[in-house]
Amino acid sequence: LAGFSQEAGLPAELPTTPDLKGHEISFVFNTLFFLLSGFVALLMVVGFTMLEAGAVKQEHLGAVLLKNLGGFAACSIVFYLFGYHMLYSGTEGGWHGSFKMWQPEAASTITPENFPNLFASGSDWFFQMVLASLPALIVSGILAVRIKPLAYLTFSVLLAGLIYPTAASWLWGGGWLSTTGFSDFAGATLIHSLAGWCALSATILLGARKGRFEAMKKVRPHRNIGYIAFGTLLIWIGWLGYSGGSLLAMDSAADAADVSNIIVNTHLAACGGLVTAYLIHLLVYRKHYHTAVVLSGAIGGLVSISAEPLLPSPSMALLIGSIGGVVVIMLSELLRTLKIDDVTGGIPAHLGCGIWGTLAVPLSNGDAKLIDQVIGMMSVAGYAISISLVLWLIIGFSLGLRIKNEHELIFYS
Amino acid sequence: LAGFSQEAGLPAELPTTPDLKGHEISFVFNTLFFLLSGFVALLMVVGFTMLEAGAVKQEHLGAVLLKNLGGFAACSIVFYLFGYHMLYSGTEGGWHGSFKMWQPEAASTITPENFPNLFASGSDWFFQMVLASLPALIVSGILAVRIKPLAYLTFSVLLAGLIYPTAASWLWGGGWLSTTGFSDFAGATLIHSLAGWCALSATILLGARKGRFEAMKKVRPHRNIGYIAFGTLLIWIGWLGYSGGSLLAMDSAADAADVSNIIVNTHLAACGGLVTAYLIHLLVYRKHYHTAVVLSGAIGGLVSISAEPLLPSPSMALLIGSIGGVVVIMLSELLRTLKIDDVTGGIPAHLGCGIWGTLAVPLSNGDAKLIDQVIGMMSVAGYAISISLVLWLIIGFSLGLRIKNEHELIFYS
Amino acid sequence: LAGFSQEAGLPAELPTTPDLKGHEISFVFNTLFFLLSGFVALLMVVGFTMLEAGAVKQEHLGAVLLKNLGGFAACSIVFYLFGYHMLYSGTEGGWHGSFKMWQPEAASTITPENFPNLFASGSDWFFQMVLASLPALIVSGILAVRIKPLAYLTFSVLLAGLIYPTAASWLWGGGWLSTTGFSDFAGATLIHSLAGWCALSATILLGARKGRFEAMKKVRPHRNIGYIAFGTLLIWIGWLGYSGGSLLAMDSAADAADVSNIIVNTHLAACGGLVTAYLIHLLVYRKHYHTAVVLSGAIGGLVSISAEPLLPSPSMALLIGSIGGVVVIMLSELLRTLKIDDVTGGIPAHLGCGIWGTLAVPLSNGDAKLIDQVIGMMSVAGYAISISLVLWLIIGFSLGLRIKNEHELIFYS
């Protein structure tokens, strides 16, 4: 346990510590990198919670926040109980991982001659847990206010424990998608469009919030645009840890350079998405700003680069993110026309830009083929829509999907 | 001073840099780890401030925030002037450290052959400073609104400079408690229950806020549940840095695995505490939610695991945290029955779960005995209650403890 | 791309990874340090945005936040397109860098025998990009509400791409100031007073917000003191990453000790600034607090230490920061007397303390001379005032500087 520092005692003990050698240095570097990436990525959890809190009426805030934080905790628990191994310990070329509990290695089993991996398994679980909580947070925002908290909690647990890990195991766990040429570095398809499809099927079952589309003629004031902006910034910063960390190694100069380039590309894609959305509003909509839509241009840029943040040049990353900003604006208009109620704008940013980013991989990755990207994207779409529809319907018939009256929620706070 | 980077000049200089060897690599790893842990743990300062800001009326906010940030700054200063050495440079088996100013080593005294420690002393001070500021922030939230800012500031300075370092020196500074079998890895007793006892003695002297217990029949709306939820999340994330960092070393693969397992256990304990508190409310209280109480289940889980975050299996950590969630709910009810006014719910979470976590150590640590844990916990309780009562009474007779009228505070903002 | 972790496959591959050696270890340490510093420093972007959001009327929030986040994104883009090389690739002893696009090195060009630098160039760009975005954020807060968003955006792009990099190239890029004895470690002059001068020239052209100085007899309630306090804390934490990171190396024990001492000094200077400002208010102004002014004492302390955060003893850092707190209070009074409208208090904190901190360098750095500090400070002042006046006037005549009516802004949100 090393004890706490005591100035007097230490120098005498120093010579007994053996010098670190190659593999152990790699182990510490990688572990430190996983932990740093996980800490930074956790800011996304705060950010998504703020984004949703900013988009709902203040009297619904208590219920909304309880659902979000409770869902985050529940997702972590199921990801520990079975989600992690549903993602990783599958058979080669298979369709799902195995159903067993995750276990860390004991530190005592690690000796300078014997490493189970070149990183502490706890640090890997920690980082993967943050990623596994993202789909539920994205779904949460899109369905905010009208979904029953218990229905959401049930679905979110299934999402983090089964739906997401199964899809992710197809590629990242060595499953069937990894035997095709499909490429999705940090989850534009496996995390973001997956979450978007799950939420889209629910929005159609749920319908819109009361009065949502009657009031559209006059500009609807945002509930708390401060929360939305701070949340966007925290998601943005957190994303840099999430996409950088997705390289899953930082024990060589080449890895360190790759991680740095990923972070630069991810940041520039966000900048491109936001500036493009802002410019469109300045030029096209002029005074009739939809601040939250413009801000979600940044999220759109981040999603767009997530399928391939490493190989593009910074200019290409900027371009990919900028087109993401256009996708966000266009799909936001389309949803409004179709009267699909998406409270936080998650469908344009995560689903729309998840598709765009996945299809854009061949622009910078010479080994990726458009047809493989389409196959991967469509497979996940088909899987996510069908399984989520079935589950939402089961939940709907057993627990009920939609709160009867929005005033119900007020009593929660 | 190394200068700023210039692309042209560097390559030529590279060969002159000597290769890093064993001890120096350890030094850099440990220092980087202390700094990372300290940065992450600082989010707890933001979190506790948000938690308190969310629990008070908005017109009191200016005075409350000024007191919190000013207190944080003042605590850091006294921890520099004498607190650090009150904690660490004591005599073996003694009762307190020594009264002297902290000094960093000069970088020039460090050579590849000569290290005073295996970490930069400044990075250790930085991390310890964050921990030393926690008790005052916990006390602040519990006593919010009715305590005179100047009385709080005076007490907080004594807490960070003398009360906490003295108790901590008993165990972490090599004092008398370290010669017993008492075990408290990250301060469930030495930080959290200590702060709880100090605040409890003050609540009894202060009494409740005006009208606090008259209005209890109808559900009292939270002042700003958004701040409470965001604050809880930031405390949670920060805690992972604080408990991981408490291993105080990351210069070997075994340390890296230990740190990772601590972070996983700490996270799962928080999840357990929150989910349990949420389930109790869903099943027992049904619609009559007390959102802030449920959210403080997460804090309860975090405190519960702080006495021993390393040795439990993840399942055991989840269980220990879950029981922490039950402790929070039960003690919140008890305080209400006893009409003890605890603005942020700090007494159930920090005092109640601090005791629970300390007593739970033998569940996973075979070397710890329940009787030793009881002795340690009771000693700190007796010490904290008696010294804080004396100090609060002295402060009360000299400066006054309670503001005359809550409206006083409004003029501050 | 290393692929994602698979428990089964890894151990077999371990022996093929070569042990890390000297220069590669330095490369990873420095890159990890740049990335950590950049992540932490990004909290300043959130902090400055919160600070400004807290100081304006809530109905202006949408427009203000859009301008801030959009400006941050635009600044990053121009810093990529030409700002970075305007800063660094200048001629020796010259007046500006060169106008070309930044390019990261490809990871494939890095071999254990061949390093272009001892850090990934992407990680350096990432850290420098955060610094380059600070002047615009400081200017934004000072001019909030009355500046036209498009005018601000135009100026901010010129500031991050040309004005700041040119001034910084004089010292950090090896330009003419670096041949004098001028010393400015982390930008008290090159970032903070530069931004202050640019904003001061605009405040004079813009005039005050409507009704700003009529209403001064009664205490003006802060718009959202919560945002201001949380923002101040995030700026504070972020600053520790920014000033520590400014050493630009952490690949030796001496560097690690230096970085730690910088962080300790920076933190204590903030504490000194805040406590001093608080004490002045307690003793002089008594009940008539200006909470935001007291809180900006912390920012003042942080700016004051930024010219030389490494060499002072912690006590000296505390003193330098404390005098910064006095400077903030006095200049806030002066601005009020002169009816200069500074919405977030940026001129006292960044300009006033930037000058004070620059002049204070000789107190701890025996090699620095007061006359050199004055020359450097005056040169940047003359440059910043003249170029910003010219640019603001050009922008004013083409786009217009001031919004016609504050109600205009409401339609943006």
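Phe119(B) is buried in this predicted model, with a relative accessibility of 6%. Any residue under 20% relative accessible area is called buried, so 6% places Phe119(B) in that class. Phe34(B) is buried as well, its relative accessible area being 1%.

These two residues belong together. Over all chains, the structure holds 57 aromatic pairs. One of them joins Phe34(B) and Phe119(B): the ring centres are 5.2 Å apart and the planes stand at 50°, so the pair is tilted. An angle under 30 degrees would have counted as stacked and one over 60 as edge-to-face. Phe34(B) sits in helix H2 of chain B, which covers residues 22-55, while Phe119(B) sits in the loop between helix H3 (61-88) and helix H4 (121-142). The two positions are 85 residues apart in sequence, so the contact between the rings ties together separate parts of chain B.

Chain A offers an aromatic group with more members than a pair. Which residues form one aromatic cluster there? The members are Phe79(A), Tyr80(A), Tyr84(A), Tyr88(A), Trp102(A) and Trp125(A).

A ring can also have a charge over its face. Lys67(A) lies over the face of Tyr152(A), at 4.9 Å from the ring centre. In chain C, the charged end of Lys67(C) is placed over the ring of Tyr152(C), and the distance to the centre is 4.9 Å.

Lys67(A) leads on to the salt bridges, of which the whole structure has ten over all chains. Its partner is Glu52(A), with a distance of 2.7 Å from N to O. Lys67(A) is in helix H3 (residues 61-88) and Glu52(A) in helix H2 (residues 22-55) of chain A, so the bridge ties together parts that are 15 residues apart in sequence. Both Lys67(A) and Glu52(A) are buried.

Chain B has a salt bridge between Lys67(B) and Glu52(B), whose closest N and O atoms are 2.7 Å apart. Here Lys67(B) belongs to helix H3 and Glu52(B) to helix H2 of chain B; they are 15 residues apart in sequence, so this pair too ties parts of the chain together. Lys67(B) and Glu52(B) are both buried. Helix H2 of chain B thus holds Glu52(B) as well as Phe34(B), the residue met earlier in the tilted pair.

Another salt bridge of chain A joins Arg146(A) and Asp341(A), with 4.0 Å between the closest N and O atoms. This pair links distant parts of the chain, 195 residues apart. Arg146(A) is in the loop between helix H4 (121-142) and helix H5 (149-171), and Asp341(A) is in the loop between helix H10 (314-337) and helix H11 (346-359). Arg146(A) is buried at a relative accessible area of 1%, and Asp341(A) is buried at 2%. Through salt bridges that share partners, Arg146(A), Arg209(A) and Asp341(A) are joined into one network.

The last topic is how the chains are arranged. A turn of 120° with a shift of 0.0 Å along the axis lays chain A on chain B, with an RMSD of 0.0 Å. The two copies are therefore related as by a three-fold rotation axis. In chain A, the C-alpha nearest that axis belongs to Leu36(A), at 4.4 Å. As for contacts, the copies use different surfaces: 11% of the contact residues of chain A recur in chain B.

Note on methods:
Residues numbered from 1 in each chain as written. Chains lettered and ligands numbered in written order. Predicted model: local features only at pLDDT ≥ 70, side-chain atom pairs only at ≥ 80, totals over all residues. Heavy atoms only, no water. Phe/Tyr/Trp six-rings, centres within 6.5 Å; stacked < 30°, edge-to-face > 60°. Helix = DSSP H or I, 4+ residues; strand = E, 2+ residues; numbered from the N terminus. Buried < 20%, exposed > 50% of the residue type's maximum accessible area, 1.4 Å probe, protein only. Lys NZ or Arg CZ within 6 Å of the ring centre and 35° of its normal. Salt bridge = Lys/Arg side-chain N within 4 Å of Asp/Glu carboxyl O. Least-squares fit on C-alpha atoms with pLDDT ≥ 70 in both. Contact = heavy atoms within 4.5 Å.
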